Amino acid sequence: MLQVKNLTLTHRKDLRTLIEDFSFVLNEGDKAVIIGEEGNGKSTLLKWIYDPALIELYCEWSGELAGEPGPMGYLAQELEEREGSIYDYCAASPFFFDLTPRELADIARQLRFPAEEFYSDRPVSSLSGGERIKLQLGRILFGSPAVLLLDEPSSDVDLDTLQWLESWLNGYRGIVLYISHDETLIENTATTVLHIEHPREGKPPRCTVHRLDYSTYTSRRADAIDSQTQQARKEREEYDKKMEKYRRIQQSVEHAQGAVSRQNPGKGRLLKKKMHAVLSMGRRFEREAENMTQLPEVEEAVFLRFPEGTALPAGKTVLDLSLPELRAGERMLAENIRLHVCGGEKVGILGPNGAGKTTLLRRIAEELLSRRDLHAAYMSQDYADTLPMELTPVTYLAPEGDTASETRARTYLGSIRYTRQEMEHPIRALSGGQKAKLLMTKMMLDGVNVLILDEPTRNFSPISGPRVREALAAYQGTIISVSHDRKFLSEVCDKLYRFTERGLIPVENEAF
C-alpha cells in the first residue's frame, strides 16, 4: 500500500504552493495517472514519493509517506546516464549481479528486450526512444519493486512501443503511479485519476482522487461542470430579476417618502414601515445570494486559435519532394521518397523510432523555410533549436519592447496558463510543456501558413491536448508533421504516410 498524508509542496523561488494538504492511498494493482497542467507539480510529487532529496533544492515540503510501501522504482523524464554502455548502465544497479540468468531472461521477456543486450557494450546514447524506456524499466525491475513511479514513460516512443507499454502496464501486478501526455495510453490503462488543479492565480491548488477510468472521469467531470454552471447561471438570472424588482420598489418608496409633506405624519409612518419591510426583503435576498450555487472554479485548458487568413489555395503546391535516397552520415535511411503536399492539406508521418522521420522533416523544413511564397514555421523536437533560451517569454513574443506589444504578449501568455512569475523566467527554466505552448503561440501570432511539426503534442497535458488538436484541426493553413500521438493523427491529419526504408507508404483507414 502506498499512502501519502497531508502533503504540501511549495516552490522556493516563487513561494507558490504546488500541492496543499493532499492525502491519498493506492493499493496493489492500482494504475493511477496524475493529470494537470504544465508546472502544477506532477513530476515534483513523483520525486518526493521516491526520494525527497530530489526536490529539496527547489521545493519545501511537509507531510509524510505513511506505512511501508515496499521497494519503489522511479523512471525519470530524462535518461541522464547516456555516456556509457548498456552494460555500465545495468551494472550501476545494486541488484544486477544478484539476478540469475533465468530471472534476467524473465525480465527481458516481459520487456520484449533481448536479454543479451543487458551485457552489451553498445552505447546508451545509440538507443531509440523505445529502447531507452525498456532499458530504464529493466534496471528498475532488477530490484523487484512493489511500486512503480513513472514520469512520462510514453514520451519519445513509437506506436508499437506505446501499444506494448499499454499491455505491460495492464499486466503489472504492483502499484503504478505515472504521468503521461498520451491520452490514448491513459484511457487504456488508468484505473484511478489524481487531478492537480490550480484554478486561479492566488487561489490554493486543488488535488482530488477519482477511482474511475480516465474516459469516465473526464465525461463525468465535464457533465458536472456543465450542470453546475447552468444551475449557477439560472440562479443568478432569477436573483437579478428579484433584485431589479426590489430596487424598483425601494426607489418608489424612497420617492414617496421624499414627496410626503410634514402635514401628513400618518402617511409618513406608513411609508417608514414599508421601507423597513423593503430593507428586510433586501437582507433576505443577500442571504439567499450567499447560498447560491457557485460557478465552478476549474483550471481552464490552454486557449489557442490560429488567425483567419492563413489559407493557401488548394491547388498550390506547397511541397513536391523527390529524394532518391535519405542518409544520416553514412547510414542509409530510406530510398525513393516521394511526397506531394498541396495548400490546406494536413499530412502526418509515422514510423518506428530511429527510422529517420526527424531527418526527413528537417530536410523538408530547410526547403520550405527558404521559400518566399510561403510563410513557414518549424517546431523541432529540441526546442532549443528555435527558442532563444536566454530571453523571457514576454521579450520573445514582444521583441520591440513597446507597451502595446508587451501587453498583448502578456495577454496571450495568460491565455496559455502562464503565471506572472513564469512570464519573467528565462525560457530555459520552463518545462517542456511551457516551451511547446510558447512556440505554438509565436506561430499563431506570426500568422504562418505552413506548419512543420515534429511531435507537436508530446509535451501537452491531457487537459490541454484536446484544445491543441482542435486548434490545429481548424487551422486553415498546411501542416506537415511527424507524430506518434494517435489522437493527433486521427483528429488532425487528413493524409497519413508510414516512413519505411522503401520510402513513404500511404496509410489508409488505420485504427489507432
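**Exercise 1. Classify the exposure of Tyr119 in this predicted model, and describe its ring contact with Phe96.**

*Solution.* Step 1: Tyr119 has a relative accessibility of 48%, so it counts as partly exposed, given that exposed requires over 50% and buried under 20%.

Step 2: Phe96, with a relative accessible area of 2%, is buried.

Step 3: The ring centres of Phe96 and Tyr119 lie 5.4 Å apart with the planes at 45°, so this pair is tilted. The stacked class would require planes under 30 degrees apart, and the edge-to-face class over 60.

Step 4: The two residues are 23 apart in the chain. Phe96 belongs to the loop between helix 2 (86-91) and helix 3 (101-111), while Tyr119 belongs to the loop between helix 3 and helix 4 (129-141).

Step 5: Both residues are members of one aromatic cluster, which also contains Tyr87, Phe97, Phe113, Phe118 and Phe142.

**Exercise 2. Determine the geometry of the aromatic pair of Tyr50 and Tyr74, and place each residue in the fold.**

*Solution.* Step 1: The structure holds 13 aromatic pairs. In that formed by Tyr50 and Tyr74, the distance is 5.2 Å centre to centre and the angle between the planes is 25°. An angle under 30 degrees counts as stacked, and the pair is assigned to that class.

Step 2: Tyr50 is in helix 1 (residues 42-50) and Tyr74 in strand 5 (residues 72-75), so placed 24 residues apart that the pair links distant parts of the chain.

Step 3: Tyr50 counts as partly exposed because its relative accessibility is 37%. Tyr74, at 16%, counts as buried.

Step 4: Helix 1 as a whole is mostly covered, with seven of its nine residues buried. The buried residues are Lys42, Ser43, Thr44, Leu45, Leu46, Trp48 and Ile49.

**Exercise 3. Identify the charged side chain over the face of Trp164 and the one over the face of Tyr89.**

*Solution.* Step 1: For Trp164, the residue is Lys134, at 4.8 Å from the ring centre.

Step 2: For Tyr89, the residue is Arg139, at 3.8 Å from the ring centre.

**Exercise 4. Establish how many disulfides the model contains, and account for Cys342 and Cys493.**

*Solution.* Step 1: The count comes to zero disulfides.

Step 2: For Cys342, the nearest cysteine sulfur is that of Cys493, 16 Å away. A disulfide requires sulfur atoms within 2.5 Å, so a separation of 16 Å does not qualify. Cys493 likewise is in no disulfide, and its nearest cysteine sulfur is that of Cys342.

Step 3: Cys342 counts as buried at 16% relative accessibility, and Cys493 counts as buried at 11%.

**Exercise 5. Describe the largest cavity by volume, lining and residue class.**

*Solution.* Step 1: The count comes to one cavity of 30 Å³ or more. The largest cavity has a volume of about 160 Å³.

Step 2: Its lining comprises 13 residues. Ser154, Asp182, Glu455, Arg458 and Asp485 lie nearest the centre of the cavity.

Step 3: By class, the lining has six charged, five polar and two nonpolar residues.

**Exercise 6. Summarise the overall architecture of the protein.**

*Solution.* Step 1: The protein has 15 helices and 17 strands.

Step 2: Along the principal axes, the C-alpha atoms fill a box of roughly 110 × 65 × 45 Å.

Step 3: Of the 512 residues, 49% are buried.

Definitions and conventions:
Residues are numbered from 1 along each chain as its sequence is written. This is a predicted model: local features need pLDDT of at least 70, side-chain atom pairs count only at pLDDT 80 or more; totals for chains, interfaces and linings use all residues. Side-chain values use heavy atoms; hydrogens and water are left out. On a 1 Å grid over the protein atoms alone, a cavity is a set of points where a 1.4 Å probe fits but cannot get out, and a pocket is an open set with protein on both sides within 12 Å along at least five of seven lines; lining residues have an atom within 4 Å of a point. Grid points are joined across faces, edges and corners, and a volume is the space filled by probe spheres set on the points. Ala, Val, Leu, Ile, Met, Phe, Trp, Tyr, Cys and Pro count as nonpolar, Asp, Glu, Lys and Arg as charged, and the others, Gly among them, as polar. Rings of Phe, Tyr and Trp (its six-membered ring) pair if their centres lie within 6.5 Å; planes under 30 degrees apart count as stacked, over 60 as edge-to-face and the rest as tilted. Helices (H or I, at least four residues) and strands (E, at least two) are DSSP runs, numbered from the N terminus. Buried means under 20% relative accessible area, exposed over 50%, partly exposed in between (1.4 Å probe, protein chains only). A charge sits over a ring if NZ of Lys or CZ of Arg is within 6 Å of the ring centre and within 35 degrees of the ring normal.
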